[in-house]
Amino acid sequence: MKIGQQGKSFFMGDSVYWYKDAKIREQTAMNKGLYQKQAMRGIAGVYDSEKRMDKSLGQIRDRLRALQEDSDKADACLQEINRKMAQAKVDYNVEDGSQEEQDLDLLKKEYDINHLRIQGELTEEEEQRLKKIKPTDYQKYSMELYAQADYWKETLDANRKERYVANYVIRKTNQKRLEKDPMVDAQKAKEQLMEAAAKEAAAMLKEEALSTLEERAEELQEASEARKENREEKEAQLQAAKQKKEEAEVSAEKVRKDAAETAQSDVPNDTAAREIEAQIKKVLEEQKLLEEELKGLRVNAGV
């Protein structure tokens with residue numbers, strides 16, 4: 001819509017507001033896309049983290065299987081050593097509780113203390129006895145087997161500790177996953193981000209709507225003031241035209257009076273009569289023009 005007033009124009013069309021609304025919607029769409037990308041990056045990050053965690057747990061389980069195989073091998077070797085030691089006792093005809101068997105136990109104790117397998121120390125009596133021992137073939141062979149068994153015992157002990165740690169890590173990880181699912185949390189985070197994007201878009205649209213309403217209110221105010229000013233000018237023109245008409249009527253009345261006096265005079269003057277006739281004609285024409293002007297002004301002013 002256009003309101004005109006003596007060279008002044010006010011445009012009340014929606015093109016500007018449509019353009020601004022389109023820009024706002026474009027901005028909110030872009031912001032929503034950014035929030036969407038951020039949320040998807042969060043989910044992708046959690047997914048990658050979960051994959052890496054699954055891979056790590058898989059590697060730990062592979063290690064557990066390898067440790068179990070190694071422990072099974074060590075256990076089998078220990079069983080074979082124990083079998084050989086029992087067979088050696090039979091082959092060398094060593095009886096249970098014999099001095100040779102007791103001395104072998106003392107040699108094993110010395111070995112365990114020296115290799116930190118057990119804590120403590122030998123008694124003075126045991127040390128004196130060790131000095132007197134001259135290892136027999138049975139005792140030498142048994143101690144060789146005992147040293148081999150020690151290696152496999154250390155292997156089993158180290159594997160046991162490592163398996164304990166690995167199983168603890170797996171158990172705690174699964175427990176944490178049961179307590180709190182990262183993917184669920186990531187999905188919730190995505191929903192929160194999208195909700196924030198929606199709120200931000202609503203706030204932007206509300207702010208722009210308020211701004212647009214204020215601008216339109218200002219334009220309507222200016223248009224109203226322009227119409228009021230235009231109406232006042234037309235009313236002033238109408239009053240001026242009425243004033244001119246009244247003055248013309250006074251002039252016409254004077255001309256009529258002069259014409260009447262001339263007609264009643266004893267000495268008619270053709271020249272004066274013609275002048276009076278011309279004046280009367282002029283006044284009538286002016287009155288006609290004034291009537292038309294007044295009629296037009298009344299229409300424009302809505303009177």
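This briefing describes the fold, the helices, the nonpolar cores and the surface of the protein shown above. The structure is a predicted model, in which local features need pLDDT of at least 70 and side-chain atom pairs count only at pLDDT 80 or more, while totals for chains, interfaces and linings use all residues. Residues are numbered from 1 along each chain as its sequence is written, and side-chain values use heavy atoms, with hydrogens and water left out.

**Overall fold**
- The secondary structure comprises 6 helices and 2 strands, where helices (H or I, at least four residues) and strands (E, at least two) are DSSP runs numbered from the N terminus.
- Along the sequence these elements follow the pattern β-β-α-α-α-α-α-α.
- Of the 303 residues in the protein, 24% are buried; buried means under 20% relative accessible area and exposed over 50%, with partly exposed in between (1.4 Å probe, protein chains only).
- Among contacts (heavy atoms within 4.5 Å) with a separation of 6 or more, 81% join residues 24 or more positions apart.

**Helix H2**
- Helix H2 covers residues 99-114, and its 16 residues should span 22 Å at 1.5 Å a residue, which agrees with the 23 Å between its end C-alpha atoms; the expected span is 1.5 Å times one less than the number of residues.
- The buried residues of H2 include Leu 104, Leu 106, Leu 107 and Tyr 111, and also the charged-type names Glu 101, Asp 103, Lys 108 and Asp 112.
- H2 is followed by Leu 116, whose phi is positive, near 55°.

**Nonpolar cores**
- The largest nonpolar core (buried Ala, Val, Leu, Ile, Met, Phe, Trp, Tyr and Cys residues joined through side-chain atoms within 4.5 Å) has 13 residues, and Leu 106, Leu 122 and Met 143 are among those with the most contacts inside it.
- H2 and H4 are the elements that give two or more residues to this core, and the largest share, 5 residues, comes from H2.
- Leu 130 touches Leu 106, Leu 107, Glu 110 and Leu 122, not counting residues up to four places away in sequence.
- A second, separate core of 7 residues includes Leu 78, Ile 81, Met 85 and Ala 149.

**Helix H4: one buried and one exposed residue**
- Asp 150 lies in helix H4, residues 137-179, and counts as buried because its relative accessibility is 6%.
- Leaving aside neighbours within four places in sequence, Asp 150 is in contact with Tyr 111 and Arg 117.
- Tyr 164 also has its place in helix H4, but Tyr 164 is exposed, with a relative accessible area of 56%.
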